[in-house]
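Subject: Handing over a structure

Dear colleague,

I am passing on to you the structure that follows, together with some notes on what was found in it. Please look through the sequence and the fold first, and then read on.

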Amino acid sequence: MDEMLVARNITKRYSEHTALDNVTVRIEKGKVFGLLGPNGAGKTTLIRIINRITVPDSGEVIFDGHPFCADDVAKIGYLPEERGLYKKMGVGEQAMYLARLKGMSSAEAKKELTKWFEKFDIMPWWHKKLEELSKGMQQKVQFITTVVHRPPLMIFDEPFSGFDPVNAELLKKEILELRDEGHTIIYSTHNMASVEDVCDNIALINNSKVVLEGSVLDVKRQFADGRYEIKAQGSREQVEKIAMALDNVEIHEVLPSMNDVFLRTISKGKE
């Protein structure tokens with residue numbers, strides 16, 4: 001396994017609270033790693049340790065084969081859950097400033113930012129103040145400033161929060177394209193709905209411990225019980241014909257909907 005980052009035996013305590021208890025995660029290069037768990041489980045604490053915002057009480061972080069050092073921070077793009085752009089500052093000016101902080105020249109920053117702004121359809125807002133943009137557009141700007149210098153490791157903490165379905169799909173597409181280009185991505189969320197579409201591997205943290213980890217495919221196989229659900233919409237007769245055409249199927253729920261159309265859930269049991 002070619003690993004971009006290993007957080008090994010990480011423990012972090014705050015007064016009487018243990019945020020992380022001997023946590024180990026291994027993140028493969030060129031993959032999307034899902035860091036999952038409920039709010040308060042310890043995900044954000046681990047991300048802050050990876051970014052050197054805080055230090056663990058014990059354990060170590062290995063980055064691209066060597067002990068993590070201050071210079072490695074420049075190789076990480078971090079989109080925090082708490083968005084932090086300057087609302088009174090011009091959008092383009094702010095994006096240029098952040099790109100320059102990440103080591104890009106003025107010409108390179110302007111070229112790359114223009115490309116991303118046009119891709120996200122926000123170029124007309126370049127000279128506006130951030131506070132004039134909608135929440136969704138502000139989040140697009142912050143996503144762009146996170147990835148513009150194309151770091152090898154990108155960390156997205158709840159990146160779809162606040163996005164409408166269309167823009168969430170756009171962002172998901174960009175994340176997968178970045179992965180396909182060879183970038184390694186940590187995707188932190190408590191929302192399980194998008195995990196299967198986005199992640200290659202996952203670790204589930206609960207009560208400060210890793211309770212489940214592995215590839216998405218392996219985890220699905222581990223917990224599969226051989227049951228499938230099919231939703232069919234139509235008349236009673238139409239749905240019954242579908243059930244008769246399938247082996248080992250039963251109709252276990254009938255829900256009336258508008259215009260005398262019935263919605264049934266068909267469950268396939270273990271064979």
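How many bridges join strand 3 to strand 9, and do these strands run parallel or antiparallel? Strand 3, which covers residues 32-36, is joined to strand 9 by 4 bridges, and the two strands run parallel. Please keep in mind throughout that this is a predicted model.

The sheet

These two strands belong to an open sheet of 6 strands, arranged in the order 6-7-8-3-9-10, and the pairing within this sheet is mixed. Its edges are formed by strand 6 (76-79) and strand 10 (209-215), each of which pairs on one side only, and from one strand to the next the twist averages 15°.

On the other side of the pairing with strand 3, strand 9 (residues 201-206) is joined to strand 10 by 6 bridges, and here the strands run antiparallel. Alanine 203 in strand 9 stands opposite leucine 35, while the bridge partner of alanine 203 in strand 10 is glutamate 213; leucine 204, in turn, has leucine 212 as its bridge partner in strand 10. Strand 9 and strand 10 form a hairpin with 2 residues between them, and in the turn asparagine 207 has a positive phi of about 50°.

Helices on the sheet

Helix 4 (residues 135-147) packs on the sheet, where it touches strand 6 and strand 7 (153-157), and its direction makes about 165° with that of strand 6. Helix 7 (residues 216-223), by contrast, lies across strand 9 and strand 10 and runs at about 105° to strand 10.

Aromatic rings

A search of the whole structure finds 7 aromatic pairs. One of them is formed by phenylalanine 63 and phenylalanine 68, whose rings are 5.5 Å apart centre to centre with 45° between the planes, a tilted arrangement; both of these residues are buried.

In another pair, tryptophan 116 and phenylalanine 120 have ring centres 5.8 Å apart and planes at 85°, and the pair is therefore edge-to-face, since planes over 60 degrees apart count as such. Tryptophan 116 is buried, with a relative accessible area of 1%, and phenylalanine 120 is buried as well, with a relative accessible area of 2%. Ring pairs link these two residues with Phe143 and Phe156 into a cluster. Lysine 119 lies over the face of tryptophan 116, at 4.6 Å from the ring centre.

With best regards

Terms used: Residues are numbered from 1 along each chain as its sequence is written. This is a predicted model: local features need pLDDT of at least 70, side-chain atom pairs count only at pLDDT 80 or more; totals for chains, interfaces and linings use all residues. Side-chain values use heavy atoms; hydrogens and water are left out. Two strands pair if DSSP finds at least two bridges between them. Axes are lines fitted to C-alpha atoms, for helices over the stretch in contact, and angles run from 0 to 180 degrees between N-to-C directions. Contact means heavy atoms within 4.5 Å. Rings of Phe, Tyr and Trp (its six-membered ring) pair if their centres lie within 6.5 Å; planes under 30 degrees apart count as stacked, over 60 as edge-to-face and the rest as tilted. Buried means under 20% relative accessible area, exposed over 50%, partly exposed in between (1.4 Å probe, protein chains only). A charge sits over a ring if NZ of Lys or CZ of Arg is within 6 Å of the ring centre and within 35 degrees of the ring normal.
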